[in-house]
Amino acid sequence: MRYLFLLLIALFTQCTPSTTSEAPRPNIIILFCDDLGYGDLTCYGHPTIRTPHLDQMAQKGMKFTNFYAGSPACTASRYALLTGRYPVRSGLEWVLFPHSQLGMHPKEKTLAEGLKEAGYATACIGKWHLGVTKADYLPLQNGFDTYLGLPYSNDMLPPRYAPIPLIQGNDTIESGPDQTTLTKRYTEAAIDFVQQHPSDPFFLYFPYAMPHVPLNPGEAFAGKSERGKYGDVVEEIDWSVGQIIDAVAEMGLAENTLIFFTSDNGPWLTQGANGGSSGLLRDGKGSTWEGGMREPGIAYWPGQVPANSVCTSITSTLDLYTTCLSLAGKEAPDDRTVDGRDISSLFLDDKRALSDSPYFYYGPDNRLQAVRHGKWKLHIRTNSQLQVEYFDKKLPLLFDLDTDPSEKYDLSEDFPEIVAQLQSTLVYHRDQVAQEGTFWDETRE
Ligand code: MG
């Protein structure tokens, strides 16, 4: 009972938007990879992929070691980042396909909409994947002033689907663009956008098409990495990050710009050499094991984020939503549950530890599978992208992620009281989510 009381306080604190009296209103750039694993950067331990710009970004900024994507799948993860809410609240499918009739509900309040209200110029350049069959779903109707990119994954191609459109604004400007040019074109468009805003605050959301397969490195990078084509693609993204950082610095905006780098979900392991690495973490994309959702996370903001720092607090893309709004002087909306917390204190001042309980969901039916609280992670269901039946399907499973980040040693029988506490956390969360429902439920009524 005492635990439940503490939990309720923690949840209340999480749901209470923080206020920032003197918001710094920095420019905000979110660089968002697709299917990049926890182990795919030099600064996260990869032995052969060269990522000098990201390594330098981490050296001059903050590296997160317990940073999670909101979901182990593309669409759901992007929803979490842009709304600060668990994907179960979206009513969206796990992964949207070109013909899917769903998309971002008009009642959702995206990070771009919030920042636009705060006076920011906003751009989305890259993969959208939050609906395409209605104009309402596209970036321009969801808070972005400009858009250039593919509206869904770069593998949704003929003969199964129509040629993938390259969209600018609301219009298709090319059909089936040469994917080897994408990272370069996106980077040029991103730099153009930055250069157009020397004085107004801006928000650039840059979701790369890759290293999601098919891997299409640009001409300057093809065949260059020791790690093969996958390495070529990641090294091109690293180059792109360097270009963005340089462009911001050349504008004299470095000290007024927060740049955050991460990915939507873990590596696609069944792609063999064309998939990435989750390093020491178990499994990958599509699973709620650590390899599916724990991601590299790097914050860079010279003069604000301390150089060469490491943040071990448990954080997620959902927190970026509330944090970015707070930095812009805006509160998260209070007419719905926003799950993300303002974590700006972690990289701005007192670095206080945050109490939290990230939840891990799987699949089109939004099954709640696991929760993390402090060092503990409890799985009540599991699935493996690799179709491996770990622990002979035994459930529940309890891991101490501080001593066992690879989730190898089940402690459920040693700590039954922790299992019980975390089970009640899951029940509370599931009930709360069910009670609130989704905006699509209202539409159907
Ligand atoms: Mg993905």
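**Notebook: metal site, helix packing and backbone exceptions**

I began with aspartate 35, which I located in the loop between strand 1 and helix 2. I note at the outset that the model is a predicted one.

**Entry 1. Aspartate 35 and the magnesium ion**

I looked up the accessibility of aspartate 35 and found a relative accessible area of 2%; the residue is therefore buried, the limit being under 20%. I then listed its contacts, leaving aside neighbours within four places in sequence. Among them are Cys74, Asp264 and Asn265, and the list also includes Pro211, His212, Tyr230, Trp268 and Lys285.

Which protein residues serve as donors of the magnesium ion? I recorded Asp34 and Asp35 through OD, Cys74 through SG, Asp264 through OD, and Asn265 through OD1. These donors lie 2.1 to 2.5 Å from the ion. Written along the sequence, the spacing of the donor residues reads D-D-x38-C-x189-D-N. Aspartate 35 sits in the loop between strand 1 (27–33) and helix 2 (52–59), and aspartate 264 in the loop between strand 8 (257–263) and helix 7 (290–293), so this pair ties together parts that are 229 residues apart in sequence. I checked burial for the pair: both aspartate 35 and aspartate 264 are buried.

**Entry 2. Isoleucine 30 in strand 1**

I next took isoleucine 30, which is found in strand 1. Its relative accessible area is 1%, and I entered it as buried. Setting aside neighbours within four places in sequence, I found isoleucine 30 in contact with Leu81, Leu111, Phe203, Leu204, Tyr205, Phe206, Phe260 and Cys324. I also looked up its separation from aspartate 342: the two are 312 residues apart in sequence and 16 Å apart in space, C-alpha to C-alpha.

**Entry 3. Helix 3 against helix 8**

I examined the packing of helix 3 (residues 74–83) with helix 8 (residues 317–327) and noted an angle of about 25°, with the axes 6 Å apart. Angles under 35 degrees count as roughly parallel, so helix 3 is roughly parallel to helix 8. Helix 3 contributes Ala80, Leu81, Leu82 and Thr83 to the contact, and helix 8 contributes Thr317, Leu318, Leu320 and Tyr321. By class, I recorded six nonpolar residues, two polar and no charged ones in this contact.

**Entry 4. Helix 5 against helix 6**

How are helix 5 and helix 6 placed in angle and axis distance? For helix 5 (residues 182–195) and helix 6 (residues 228–250) I noted an angle of about 15° and axes 10 Å apart. That makes helix 5 roughly parallel to helix 6. The crossing of helix 5 past helix 6 is right-handed. On the helix 5 side I listed Thr183, Lys184, Thr187, Ala190, Ile191 and Val194. They meet Glu236, Ile237, Trp239, Ser240, Gln243, Ile244, Ala247 and Val248 in helix 6. By class, this contact has eight nonpolar, four polar and two charged residues.

**Entry 5. Backbone exceptions**

Most residues other than glycine have a negative phi, and most peptide bonds are trans. I therefore entered the following exceptions separately.

I found a cis peptide bond from valine 213 to proline 214, with omega near 0°. Proline 214 lies in the loop between strand 7 (202–207) and helix 6. A cis bond also runs from leucine 395 to proline 396, with omega near -10°. Proline 396 is found in the loop between strand 14 (376–379) and strand 15 (397–400).

The loop between strand 14 and strand 15 also holds aspartate 392. Aspartate 392 has a positive phi of about 50° although it is not a glycine. Is aspartate 392 buried or exposed? At 71% relative accessibility I entered it as exposed.

Asparagine 308, likewise not a glycine, has a positive phi of about 55°. I placed asparagine 308 in the loop between strand 9 (294–300) and strand 10 (309–311). Its relative accessibility is 60%, and asparagine 308 counts as exposed.

**Entry 6. Serine 406**

I closed with serine 406, in the loop between strand 15 and helix 10 (416–436). Its relative accessible area is 15%, so serine 406 is buried. Not counting residues up to four places away in sequence, serine 406 touches Leu280 and Arg282.

Note on methods:
Residues numbered from 1 in each chain as written. Predicted model: local features only at pLDDT ≥ 70, side-chain atom pairs only at ≥ 80, totals over all residues. Heavy atoms only, no water. Donors = N, O, S within 2.8 Å, 3.2 Å for Na, K, Ca; no water. Helix = DSSP H or I, 4+ residues; strand = E, 2+ residues; numbered from the N terminus. Buried < 20%, exposed > 50% of the residue type's maximum accessible area, 1.4 Å probe, protein only. Axes fitted to C-alpha atoms, helices over the stretch in contact; angles between N-to-C directions. Parallel < 35°, antiparallel > 145°, perpendicular 65-115°, else oblique. Left-handed = near helix turned anticlockwise from the far one by under 90°. Contact = heavy atoms within 4.5 Å. Nonpolar A, V, L, I, M, F, W, Y, C, P; charged D, E, K, R; others polar.
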